[in-house]
Amino acid sequence: MGQNVEVFAQAVIQVVNDEYPDLPGSSRFPVKAKVIGVHVNVADIQVLDKLGNLLESIPPIPAVPIPDRLTGLKIGDLVRVGFYYNDPSLAFIEDMA
């Protein structure tokens, strides 16, 4: 009977992952990131893990728009990053405050 439960559980997990691929992804919730490059109106960022270390499993995110209220953003600053529609290619920056 235990094996049947395990097979059923795996089937449920597969259905949920197929129907809602954003659930297990890291783009569902805001994350901390470090600014690694600043250009006109955009910044390059690197996502951090929970301990504040660079999360090397996620490549740097280039050219994220800088909101007007974040004047003076510089390399090394920490920002909060969110993702429109849970899409990692649609990142936006918020301040940490």
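A salt bridge is taken here as a side-chain nitrogen of Lys or Arg within 4 Å of a carboxyl oxygen of Asp or Glu. The structure, a predicted model, holds two such contacts. In one of them the side chains of E94 and R80 meet, with an N to O distance of 2.8 Å. This pair links distant parts of the chain, since E94 belongs to strand β5 (residues 91–94) and R80 to strand β4 (residues 78–83), 14 residues apart. Both partners are partly exposed, a class that lies between buried (under 20% relative accessible area) and exposed (over 50%), as evaluated with a 1.4 Å probe on protein chains only: E94 has a relative accessibility of 24%, and R80 has a relative accessible area of 30%. The other salt bridge joins D77 to K74, whose closest N and O atoms are 3.4 Å apart.

The model is a predicted one, in which local features require a pLDDT of at least 70 and side-chain atom pairs count only at pLDDT 80 or more, whereas totals for chains, interfaces and linings use all residues. Residues are numbered from 1 along each chain as its sequence is written, and side-chain values use heavy atoms, with hydrogens and water left out. The pLDDT, the predictor's confidence in each residue on a scale from 0 to 100, has a mean of 86 for the protein, and 89% of the residues reach 70 or more. Among the elements, the lowest mean pLDDT is that of α1, at 80, and the highest that of β2, at 96. Where pLDDT is low, predicted coordinates should not be read in detail.

The secondary structure comprises one helix and five strands, arranged along the sequence in the pattern α-β-β-β-β-β. These elements are DSSP runs numbered from the N terminus, with helices (H or I) of at least four residues and strands (E) of at least two. Of the 97 residues in the protein, 25% are buried. The protein exposes about 7,000 Å², of which carbon and sulfur atoms supply 60%; accessible areas were obtained by the Shrake-Rupley method with a 1.4 Å probe, and for residues only the protein chains shown count as cover. With a contact defined as heavy atoms within 4.5 Å, residues 24 or more positions apart account for 44% of the contacts that have a separation of 6 or more.

Strand pairing, which is assigned if DSSP finds at least two bridges between two strands, can be followed from β1 (residues 31–39). Six bridges join β1 to β2 in an antiparallel arrangement, with A33 having V47 of β2 as its bridge partner. The two strands form a hairpin with two residues between them. N41 lies in the loop between β1 and β2 and has a positive phi of about 65° although it is not a glycine; at 56% relative accessibility, N41 counts as exposed. Strand β2 (residues 42–47) is itself largely enclosed by the rest of the structure, because five of its six residues are buried. β2 also pairs with β3 (residues 61–65), in the antiparallel sense and over three bridges, and the bridge partner of V42 in β3 is P65.

β1 is further joined to β4 by four bridges, again with the strands running antiparallel. In this pairing, K32 has R80 as its bridge partner in β4, and the side chain of R80 also meets that of E94 in the salt bridge described above. β4 and β5 pair in the antiparallel sense over four bridges, and V81 stands opposite I93 in β5. The loop between β4 and β5 contains N86, a residue other than glycine whose phi is positive, near 60°. At 23% relative accessibility, N86 counts as partly exposed.

A nonpolar surface patch of about 270 Å² is made by F8, V12 and V16. Patches consist of residues with over 30% relative accessible area and no salt bridge, where like charges are joined within 9 Å and nonpolar side chains (Val, Leu, Ile, Met, Phe, Trp, Tyr) within 5 Å. Of the patch residues, V16 lies in helix α1 (residues 2–19) and is partly exposed, with a relative accessible area of 34%.
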